[in-house]
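Got your viewer open? Let's take a walk through this model, one selection after another.

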Amino acid sequence: MKISFAELGAPKAGTVVVGVGEDRALTPAAAALDKETGGALGRAMASSRFTGTKGQLLSVLAPANLAVDGIVLAGLGKLADVDALTLQALGGSVAAHLNGAGESEATIQLGALDGVKLPPAAIAANVAFGARLRSYRFDKYRTQLKAEQKPTLKKLTVQSDVGSAAKKAFADLDKLADGIFFTRDLVSEPGNILYPESLADEAMTLTELGVEVEALDEKKLKKLGMGALLGVGQGSVRPPRLVVMAWLGAKDKQAAPVAIVGKGITFDTGGISLKPGAGMEEMKWDMGGSGTVIGLMKALAGRKARVNVIGVVALAENMPDGNAIRPGDILTSMSGQTIEVHNTDAEGRLVLADALWYTQDRFKPRLMVNLATLTGAILVALGSEYAGLFSNNDELAERLTAAGKAVGEPLWRMPLNEAYDRAIDSDVADMKNISGDRNAGSSIGGVFLQRFVNGVPWAHLDIAGVAWSKKDTATVPKGATGYGVRLLERFVADHYED
Ligand code: BES
Ligand code: MN
Ligand code: ZN
């Protein structure tokens with residue numbers, strides 16, 4: 001789909017989309033169109049349930065005197081409450097509706113909206129951003145799609161009275177969408193295609209954007225003493241990797257970076273503590289945390305963010321095998337701390353233990369945020385409405401929460417405390433990788449990771465419930481969501497750029 005911006009004017013073909021506020025309040029563009037159609041829009045609303053509520057859409061056949069063939073009314077709700085997320089949702093819903101209806105060309109007319117706090121350029125840009133986000137597809141392995149199964153919308157024009165300013169406002173959002181799409185692509189790939197080495201190769205493509213990328217192989221990992229990451233990887237014929245990405249966009253390239261760390265289990269069978277068969281195919285997206293880190297680096301480099309950011313992803317495949325780690329094995333992590341493995345399915349915390357320690361040791365970051373599809377327990381607690389947030393630092397937690405709220409990727413803070421920490425003490429090593437029962441499973445994962453951050457301000461986002469979606473939402477088609485790219489891009493933009 002090609003997205004463009006133009007000044008307001010009568011479209012010549014396709015569908016024209018106009019906005020309607022609560023209680024059927026026509027926006028100026030809608031009022032003009034209503035007049036042109038001899039009041040057809042008012043009549044169509046009156047004979048339907050459409051009242052202009054946020055999210056409502058109403059299709060109207062265009063009368064013969066118009067050059068377009070269809071009209072869509074899009075509900076905006078109370079104009080005073082319209083924010084960037086409302087506009088993105090509108091763009092997304094309209095794109096999905098038109099693709100479903102078989103339309104190939106459309107024009108969205110919004111212009112300036114009385115009572116809406118955003119400038120006209122931002123209004124147009126956010127509508128376009130939403131339309132692009134919803135139009136994501138992962139069809140590369142579907143060789144027999146019928147015409148009616150394919151998206152049809154080829155050309156979307158967003159009209160405003162500030163055509164070129166809207167295009168400028170869209171440019172950064174477009175780069176953000178590029179990052180999100182990269183994440184969605186990576187997370188969608190199956191385990192036979194995406195494994196530690198091939199995922200490292202994907203990260204390597206960011207060098208085109210000026211990101212420095214380094215992939216550490218098994219030999220280097222051994223030398224660094226990363227026994228936890230190597231332990232998880234040793235049951236697979238695909239060797240583990242640790243990939244380091246550096247985007248140095250700040251004026252001072254030496255300034256302490258923000259570090260983002262991702263769990264990258266390219267497939268999680270559970271290892272010797274094998275998972276049940278049903279649903280195991282979902283574990284191809286157990287590299288979701290690393291997918292987000294890589295997509296975030298793409299988004300930041302794409303818009304040349306003025307900040308130093310280090311991205312680190314710990315990549316391994318968790319397989320049962322003659323060479324796999326067993327329950328009871330003791331691993332020595334890079335930090336020197338020893339870990340008794342009670343369950344080989346609690347592998348994400350093992351690979352992150354070495355990645356977090358390495359990151360703080362080498363880069364002395366001002367803060368670290370890690371993302372991980374770490375626990376099924378976070379789904380029990382929060383479902384898919386929130387990702388879990390665990391942190392040793394209140395300011396960091398508040399900043400992340402605010403960023404999540406602003407972009408529609410909400411976080412809910414969960415506790416870490418001394419009692420949880422005691423629960424992972426081991427009788428034979430410095431710690432074990434699970435506690436003695438299933439209680440508070442997500443917090444147990446959190447306190448485990450905390451033992452490897454060496455006091456650095458740190459937050460852990462447990463994204464097991466949000467990295468993949470089973471249903472479409474306005475801006476996220478079902479499948480890989482790309483959760484976290486927008487959140488962290490906003491977090492960085494709001495606090496850490498010079
Ligand atoms: N990758 C899983 C967590 C997960 C579960 C992600 C469901 C997405 C959906 C993780 O490695 C895991 O297996 N965790 C175990 C931990 C347990 C053994 C303490 C779990 O949640 O059951
Ligand atoms: Mn697991
Ligand atoms: Zn896992």
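The stops below go from a charged patch to aromatic pairs and then to salt bridges.

Before you click on anything, keep in mind that this is a predicted model.

**Stop 1: a charged patch**

Select Glu22, Asp23, Asp81 and Asp83. These residues gather on the surface in a patch of negative charge. Now pick out Asp83 on its own: you'll find Asp83 in the loop between β5 (70-77) and α3 (84-101). Is Asp83 buried, exposed or partly exposed? Its relative accessible area is 35%, so Asp83 is partly exposed, since that label covers what falls between under 20% (buried) and over 50% (exposed).

**Stop 2: aromatic pairs**

How many aromatic pairs are there? The count comes to eight. For one of them, select Tyr386 and Trp412. The ring centres are 5.2 Å apart and the planes sit at 70 degrees, so Tyr386 and Trp412 make an edge-to-face pair. Zoom out a bit to see where the two come from: Tyr386 is in the loop between α11 (377-382) and β15 (387-391), while Trp412 belongs to strand β16 (residues 411-413). That pair links distant parts of the chain, 26 residues apart. Tyr386 is partly exposed at 31% relative accessibility, and Trp412 is partly exposed at 46%.

Next, select Phe491 and Tyr496. Here the aromatic pair is tilted, with 5.0 Å from centre to centre and 55 degrees between the planes. Switch on a surface view and look for the two residues: Phe491 is buried, at 0% relative accessibility, and Tyr496 is buried too, at 9%.

**Stop 3: salt bridges**

Side chains of opposite charge can pair when their charged atoms come close. A search of the whole structure turns up 24 salt bridges, and a few of them make good stops.

Go to Arg132 and Asp178 to begin with. Their closest N and O atoms are 2.9 Å apart, in a salt bridge. Which helices does this pair link? Arg132 is in helix α4 (residues 120-134) and Asp178 in helix α5 (residues 163-188), 46 residues apart. Arg132 counts as buried, with 17% relative accessibility, whereas Asp178 is partly exposed at 26%.

Now select Arg241 and Glu197, whose side chains meet in a salt bridge at 3.4 Å, N to O. Arg241 lies in strand β9 (residues 241-248) and Glu197 in helix α6 (residues 196-204), so the pair ties together parts that are 44 residues apart in sequence. At 14% relative accessible area, Arg241 is buried; Glu197, at 31%, is partly exposed.

Then head back to strand β16, where Trp412 was, and select Arg413 with its partner Asp394. The side chains of Arg413 and Asp394 meet in a salt bridge at 2.9 Å, N to O. Arg413 is in strand β16 and Asp394 in helix α12 (residues 394-407), so you're looking at a link between parts of the chain 19 residues apart. Both ends are partly exposed: Arg413 at 36% relative accessibility and Asp394 at 48%.

**Last stop: a network**

For the finish, select Glu418, Asp421, Arg422, Asp425 and Arg451 together. What joins these residues? Salt bridges that share partners tie Glu418, Asp421, Arg422, Asp425 and Arg451 into one network.

Methods: Residues numbered from 1 in each chain as written. Chains lettered and ligands numbered in written order. Predicted model: local features only at pLDDT ≥ 70, side-chain atom pairs only at ≥ 80, totals over all residues. Heavy atoms only, no water. Patch = residues over 30% accessible without salt bridge, like charges linked within 9 Å, V, L, I, M, F, W, Y side chains within 5 Å. Areas by Shrake-Rupley, 256 points an atom, 1.4 Å probe, with all protein chains shown as cover. Salt bridge = Lys/Arg side-chain N within 4 Å of Asp/Glu carboxyl O. Lys, Arg positive; Asp, Glu negative; His and termini not counted. Charge placed at Lys NZ, Arg CZ, Asp CG, Glu CD. Helix = DSSP H or I, 4+ residues; strand = E, 2+ residues; numbered from the N terminus. Buried < 20%, exposed > 50% of the residue type's maximum accessible area, 1.4 Å probe, protein only. Phe/Tyr/Trp six-rings, centres within 6.5 Å; stacked < 30°, edge-to-face > 60°.
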